[in-house]
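The following exercises concern the geometry and packing of a single predicted model. Each task is followed by a solution in steps.

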Amino acid sequence: MGKITFMGAGSTVFAKNVLGDCLRSPALCDFEIALYDIDSVRLEESYIMIDSLNRNINNGRATVKKYLGVENRKEALRGANFVVNAIQVGLYEPCTVTDFEIPKKYGLRQTIADTLGIGGIFRALRTIPVLEDFTNDMAEVCPKAWFLNYTNPMAMLAGWLQRYSPIKSIGLCHSVQTCSYDLLTGLGMEYKEPLRERIAGINHMGWLLELEDADGNDLYPEVRRRAAEVLERELAKGNSTNEDLVRYEYIRRLGYYCTESSEHMRSTTPSSSNRSIPS
């Protein structure tokens, strides 16, 4: 039996997706799960949810514990095999709003502002000191653990971790797991599972390079045909509300589907740009 510590467990959607997958994995389903956050209300909500998932889909095989506040951080990390990081320093308000509003004041519009560019730099500058605190604690109480980072800006944080931290680390994004499902569902395609996929790229710009059904049939020719039809139909109607139109345009021009939502690439308003941000 091992231990998984989730930093920023108040990010309920990320906790549900990541830990839900762990609870359904035979290799991880009997691990101890330590939930850590500095917000007591959100920590309690996530604890109730993960404890319920453990009982309902895992027969209660995992042990779920919660740890509140900096004073309990080392204990949450102690003896961990894996540390999942999904924090947001400064919250959406005021900090993420500031990431948009200051560049906007000088004529720079951003879509997500948590990857690269000036918004990403702002975000990295306030997040790296917290990662330093986390990894210093890990070096003391779980030095052999893997640090699995879901927090953005991924490239900058992963770069800092690999250059300046003694802890083993890797950057991850959960959109890869749902990429093919979102594409095929959006196009109304039926398929035989399990799918075989090959995805490569960088964070927020990964590419679905190959997609086959359980019988080895290449699904991309039909994907390209349907995506072109939807794109032409929606644009002819002047309809830009389809969430995947930018990604369908990628398929038409580049031949492949991107792992991230169209929102990551198109012009949008700051108020709608927090959908994929860990809390």
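**Exercise 1.** Determine which strands helix 7 lies across, and at what angle helix 7 runs to strand 8.

*Solution.* Helix 7 lies across strand 7, strand 8 and strand 9. The angle between helix 7 and strand 8 is about 60 degrees. The three strands themselves form an open, antiparallel sheet in the order 7-8-9. Strand 7 (196-202) and strand 9 stand at the edges with a single partner strand each, so each has one side without a neighbour in the sheet.

**Exercise 2.** Describe the pairing of strand 8 and strand 9, and identify the residue that stands opposite Tyr257.

*Solution.* The two strands pair in the antiparallel sense, over two bridges. The residue opposite Tyr257 of strand 9 is Leu208.

**Exercise 3.** List the buried residues of helix 9 and name elements that cover them.

*Solution.* Helix 9 spans residues 245-254, and its buried residues are Leu245, Arg247, Tyr248, Glu249, Tyr250 and Ile251. Their cover includes helix 7 (175-186), strand 8 (205-212), helix 8 (220-236) and strand 9 (257-258). Just after helix 9 comes Gly255, which takes a positive phi of about 95 degrees.

**Exercise 4.** Locate the cis peptide bonds from Glu93 to Pro94 and from Glu193 to Pro194 with respect to secondary structure.

*Solution.* As background, most peptide bonds are trans. The bond joining Glu93 and Pro94 is cis, with omega about 10 degrees. Pro94 belongs to helix 4 (residues 91-105). For the cis bond from Glu193 to Pro194, omega is near 5 degrees. Pro194 is in the loop between helix 7 and strand 7.

**Exercise 5.** Classify Asn59 and Leu91 as buried, partly exposed or exposed, and give the phi of Asn59 and of Leu91.

*Solution.* Most residues other than glycine have a negative phi. Asn59 has a positive phi, near 55 degrees, and is located in the loop between helix 2 (40-57) and strand 3 (63-68). Its relative accessibility of 67% makes Asn59 exposed, because the cut-off is over 50%. Leu91 also has a positive phi, of about 60 degrees, but lies in helix 4. With a relative accessible area of 47%, Leu91 is partly exposed.

**Exercise 6.** Which residues make the nonpolar surface patch of about 340 Å², and where is Leu125 found?

*Solution.* The patch is made by Leu108, Ile118, Ile121 and Leu125. Leu125 is found in helix 5 (residues 117-141). Its relative accessible area is 60%, and Leu125 is therefore exposed.

Note on methods: Residues numbered from 1 in each chain as written. Predicted model: local features only at pLDDT ≥ 70, side-chain atom pairs only at ≥ 80, totals over all residues. Heavy atoms only, no water. Patch = residues over 30% accessible without salt bridge, like charges linked within 9 Å, V, L, I, M, F, W, Y side chains within 5 Å. Areas by Shrake-Rupley, 256 points an atom, 1.4 Å probe, with all protein chains shown as cover. Salt bridge = Lys/Arg side-chain N within 4 Å of Asp/Glu carboxyl O. Helix = DSSP H or I, 4+ residues; strand = E, 2+ residues; numbered from the N terminus. Buried < 20%, exposed > 50% of the residue type's maximum accessible area, 1.4 Å probe, protein only. Contact = heavy atoms within 4.5 Å. Pairing = 2+ DSSP bridges. Axes fitted to C-alpha atoms, helices over the stretch in contact; angles between N-to-C directions.
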